[in-house]
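Here's a quick briefing on a few helices and one annotated site. Have the model open while you read.

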Amino acid sequence: MQVEERLMRYITVKTPCDENVECVPTTKCQFDLAEILVRELKELGIEDARLDAHCFVYGTLKATEGYENRKKIGFIAHMDTVSEFCEGEITPVRIENYDGEDVKLKECGRVISTEDFPHLKEWKGRTLITSDGRTILGVDDKAGIAEIMEMLRIIIEEEIPHGQISVAFTPDEECGAGAAYFDFDAFDAEVAYTLDGDGEGEIQYQNFNACEAKFTVEGKSVHPGSAKNVMINAVLLAAEINQMLPKNETPRYTEGYEGFYHLLTIHGDESHAVMEYIVRDHDETSFRARKETLRHIEKSMNEIWGEGTVSLELKDEYKNMECIVKDHFYLIENAKKACELAGAMPVICPIRGGTDGCKLSFKGLPCPNLGTGGHGYHGPLEHVSVEGMEKAVQIIVELVKIFAEK
């Protein structure tokens, strides 16, 4: 079974998480894929492949005789997808000898355009896989799963010498719960890589510092005919709060290492309104400044409209793992060398989000992130090339060889 065939099998198993559920896994359907993976791991010869009560899959490929003293390396990918665009059955579309032009998803009129995704021009001649446009494709992160499984097959069948290789497939990464029940003893690795990035050759060890922010506005509702100097319209104040933030510091206008404020929802009426944001920045000092900006807005609005009119809640989510990985920078150097040996250009770039690897790094398992070849995550424009996935497999095979040398 090759990497493309694996991906096609995995993406048709729907595994949306549910951020409104507190238990792990948040959805039972994630067990459907987990059970398939355990079975396939055992078929590959991973005798200790197992599934725990929280829907984590673990497996260990024992070191080649004589290589037991090599560093134990792990590979991790997540089984869940976002819940959006998951209403119907997922139908993958395979485009051979792709022409490098806009891809029209015939079922719904959506278009994967070369303007939005410039890398498509460079993919001319490749085999492209998309959804039919009605649902997500699920390459985030089933491409990573397929690549790890294919790496294991190659290592085993070609009898490539290696140290111990641990693999884990996790639930609920998309709603931030995936690392909460990770069993480090069961995983039994000293260092690891997540395969959860975009283009093949990407190497990421710098993620956002992240928090959630919620403004609650308490208005004063009276009849509009007698509202002069009395009414306090909560939704108007909510709109005013948003206008007090820098208008160009939103996801649409930022890239690379630039942070942002992202308004997720705003709802309410004249008497009560709620605004929910996520706040992101790679730089710790800038991140603290963003939170201070929000606190200043809360203070200023209450000075104008009365104490208690506006309240702010801040909840930290995760931190930039760079401060952990920098003490294990050989992980990045090894990944760069693996890319070069596989014929891929290594690209060091920041994660404009977070990964399981971020939280695992702060729990003692240094865990940078590698690209899978996929793009357009979290929506019906997701796509991946077979050649990109094959290159991602080559990279992690080379990575295993590098770790076996030392």
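**Two helices and a binding site**

Right after helix 2 comes G45, with a positive phi near 110 degrees. Keep in mind that this is a predicted model. The notes below take helix 2 first, then the annotated site, then helix 6.

**Helix 2**

- Helix 2 covers residues 30-44, and its end C-alpha atoms sit 21 Å apart, which agrees with the 21 Å that 15 residues should span at 1.5 Å a residue.
- Its buried residues are Q30, F31, L33, A34, I36, L37, V38, E40, L41 and L44.
- As for spacing, residues three or four places apart in an α-helix point the same way, because there are 3.6 residues a turn.
- The cover over the buried residues of helix 2 includes helix 1 (3-11), strand 1 (50-51), strand 2 (57-61), helix 3 and strand 8.

**The annotated site**

- UniProt, in an unreviewed entry, lists D140, E174 and H378 under "binding site".
- These three span 239 residues in sequence, but no two of their C-alpha atoms are more than 9.6 Å apart, so they gather at one spot.
- D140 belongs to helix 3 (residues 139-157), and with 6% relative accessibility it counts as buried, because the cut-off is under 20%.
- Leaving out residues up to four places away in sequence, D140 touches H78, D80, T81, E174, D196, Y377, H378 and E382.
- Look for E174 in the loop that runs between strand 8 (165-170) and helix 4 (184-187).
- With the same sequence neighbours left out (up to four places away), E174 is in touch with C17, H78, D80, T81, V82, D140 and H378.
- So what do the two acids share? H78, D80, T81 and H378 turn up among the contacts of D140 and also among those of E174.

**Helix 6**

- Helix 6 takes in residues 284-305, 22 in total, and runs 32 Å from its first C-alpha to its last, close to the 32 Å expected at 1.5 Å a residue.
- At its start, a side-chain oxygen of D283 comes to within 3.1 Å of the backbone nitrogen of T285.
- The buried residues here are F287, R290, K291, L294, I297, S300, M301 and N302.
- Those buried residues pack against strand 11 (209-218), helix 5 (234-243), strand 12 (260-268), strand 13 (272-281) and strand 14 (310-318).
- After helix 6 comes G306, with a positive phi near 110 degrees.

Methods: Residues are numbered from 1 along each chain as its sequence is written. This is a predicted model: local features need pLDDT of at least 70, side-chain atom pairs count only at pLDDT 80 or more; totals for chains, interfaces and linings use all residues. Side-chain values use heavy atoms; hydrogens and water are left out. Helices (H or I, at least four residues) and strands (E, at least two) are DSSP runs, numbered from the N terminus. The expected span of a helix is 1.5 Å times one less than its number of residues. Buried means under 20% relative accessible area, exposed over 50%, partly exposed in between (1.4 Å probe, protein chains only). Contact means heavy atoms within 4.5 Å. A polar contact is a pair of N or O atoms within 3.5 Å; within protein, one must be able to donate a hydrogen and the other to accept it, and residues adjacent in sequence count only if both atoms are side-chain atoms. UniProt positions are given in the numbering used here, feature names are shortened, and annotations may be inferred rather than shown by experiment.
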